[in-house]
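Here's a quick walk through one model, ring by ring and strand by strand. Have the viewer open while you read.

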Amino acid sequence: MKVKVIPVLEDNYMYLVIEELTREAVAVDVAVPKRLLEIVGREGVSLTAVLTTHHHWDHARGNPELARLRPGLAVLGADERIFSLTRRLAHGEELRFGAIHVRCLLTPGHTAGHMSYFLWEDDCPDPPALFSGDALSVAGCGSCLEGSAQQMYQSLAELGTLPPETVFCGHEHTLSNLEFAQKVEPCNDHVRAKLSWAKKRDEDDVPTVPSTLGEERLYNPFLRVAEEPVRKFTGKAVPADVLEALCKERARFEQAGEPRQPQARALLALQWGLLSAAPHD
């Protein structure tokens, strides 16, 4: 299983997942269909389906054009508001594309119909991969727009129980997320080290995805709501209350910060999104 990371728009990521034996491919969160099809052609793969995490424009805007260009393409997701949806998925449903298994995980909070996708191959040395959209990002999570803090907490808790493997998220927000995480836990050495690493990636104009769930548990405050320093920062004890307070504090933090110039991303080994998933240095 090979993953092509494709930077689009200001800070979004869409993905092409390739089953290398059959050359069958699945796309995740198609925002710029022509760029996706350029990569599909270069890779010589057959695109059979689109997995959409949620209905927001920057994750689903490319579905109608892609469906027009590729008649019969399956466009899958959990929310009827997703453009050109051909089938609505249910929580816990499993799909199969060649040797790739997909487990569908409903993760409401950012939107009511947000779906994350856990992909793996049997008897394969490649690690499984979680495509988390805006439910979970590197050192952060999406804003709670359509759900309660309890729903968001339950969604993140479920993702946190998955194997400590690769996470591909929907946005490049890592640097600002880690700056907030350092405010929450100024004595966390894992946050400090990851922030230093992310600053270097930002200087080199290189993406910070993928991450791993194992790493996220060490420095992502939204997965650390039971940890004493995070509870102390929020002044709350109940995990959902801690999460709600974190979301409010992060919103204030973002409002107070200087506007960050969006990264150009795709200058180094990323022209047309050609970056394969690889372990961090």
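## A charge over a ring

Which ring does the charged end of Lys194 sit over? That would be the ring of Trp197, with the charged end 3.9 Å from the ring centre. Bear in mind as you look around that this is a predicted model.

## Aromatic pairs

Let's move on to rings meeting rings. A pair of aromatic rings is described by the distance of the centres and the angle of the planes. With centres within 6.5 Å as the cut-off, the count comes to eight aromatic pairs. One of them is Tyr13 with Tyr15, where the centres are 6.3 Å from each other and the planes make an angle of 35 degrees, a tilted arrangement. Tyr13 is buried, at 1% relative accessible area, and Tyr15 is buried too, at 2%. These two tyrosines also belong to a cluster: ring pairs link Tyr13, Tyr15, Phe131 and Phe168.

Then there's Phe180 with Phe233. Their ring centres lie 6.3 Å apart and the planes sit at 80 degrees; planes over 60 degrees apart count as edge-to-face, so that's what this pair is. It links distant parts of the chain, since Phe180 is in helix H5 (residues 174-184) and Phe233 is in helix H8 (residues 228-234), 53 residues apart. Phe180 is buried, with a relative accessible area of 1%, whereas Phe233 is partly exposed at 26%.

## Two helices side by side

H5 turns up again with another partner. Two packed helices are described by the angle between their axes and the distance between the axes. For H5 and helix H6 (residues 189-203), the axes come within 9 Å and cross at roughly 155 degrees. Angles over 145 degrees count as roughly antiparallel, so H5 and H6 are roughly antiparallel to each other. As for handedness, the crossing of H5 and H6 is left-handed.

## Strand E3 and its neighbours

How many residues of strand E3 (residues 24-28) are buried? Five of its five, so you can call the strand mostly covered. In a regular strand the side chains alternate between the two faces of the sheet. In E3, Glu24, Val26 and Val28 are on one side and Ala25 and Ala27 are on the other, and all of them are buried, leaving both faces covered.

E3 has pairing partners in E2 and E4. Strand E2 (residues 12-19) pairs with E3 over five bridges in the antiparallel sense, and Tyr15 has Val28 as its bridge partner in E3. E2 and E3 make a hairpin with four residues between them. In that turn, Arg23 has a positive phi of about 65 degrees. With strand E4 (residues 46-51), E3 pairs in the parallel sense, again over five bridges. Here Ala27 has Val50 in E4 as its bridge partner.

## An open six-stranded sheet

Further along the chain, six strands make an open sheet in the order E7-E8-E9-E10-E11-E12, and the pairing is mixed. Which strands sit at the edges? They are strand E7 (94-97) and strand E12 (211-212), each pairing on one side only.

At the E12 end, strand E11 (residues 166-169) runs antiparallel to E12, and two bridges join them. If you want a spot to zoom in on, Thr166 stands opposite Thr212 in E12.

Technical notes. Residues are numbered from 1 along each chain as its sequence is written. This is a predicted model: local features need pLDDT of at least 70, side-chain atom pairs count only at pLDDT 80 or more; totals for chains, interfaces and linings use all residues. Side-chain values use heavy atoms; hydrogens and water are left out. Rings of Phe, Tyr and Trp (its six-membered ring) pair if their centres lie within 6.5 Å; planes under 30 degrees apart count as stacked, over 60 as edge-to-face and the rest as tilted. Buried means under 20% relative accessible area, exposed over 50%, partly exposed in between (1.4 Å probe, protein chains only). A charge sits over a ring if NZ of Lys or CZ of Arg is within 6 Å of the ring centre and within 35 degrees of the ring normal. Two strands pair if DSSP finds at least two bridges between them. Axes are lines fitted to C-alpha atoms, for helices over the stretch in contact, and angles run from 0 to 180 degrees between N-to-C directions. Angles under 35 degrees count as roughly parallel, over 145 as roughly antiparallel, 65 to 115 as roughly perpendicular and the rest as oblique. A crossing is left-handed if the near helix is turned anticlockwise from the far one by less than a right angle, and right-handed if clockwise.
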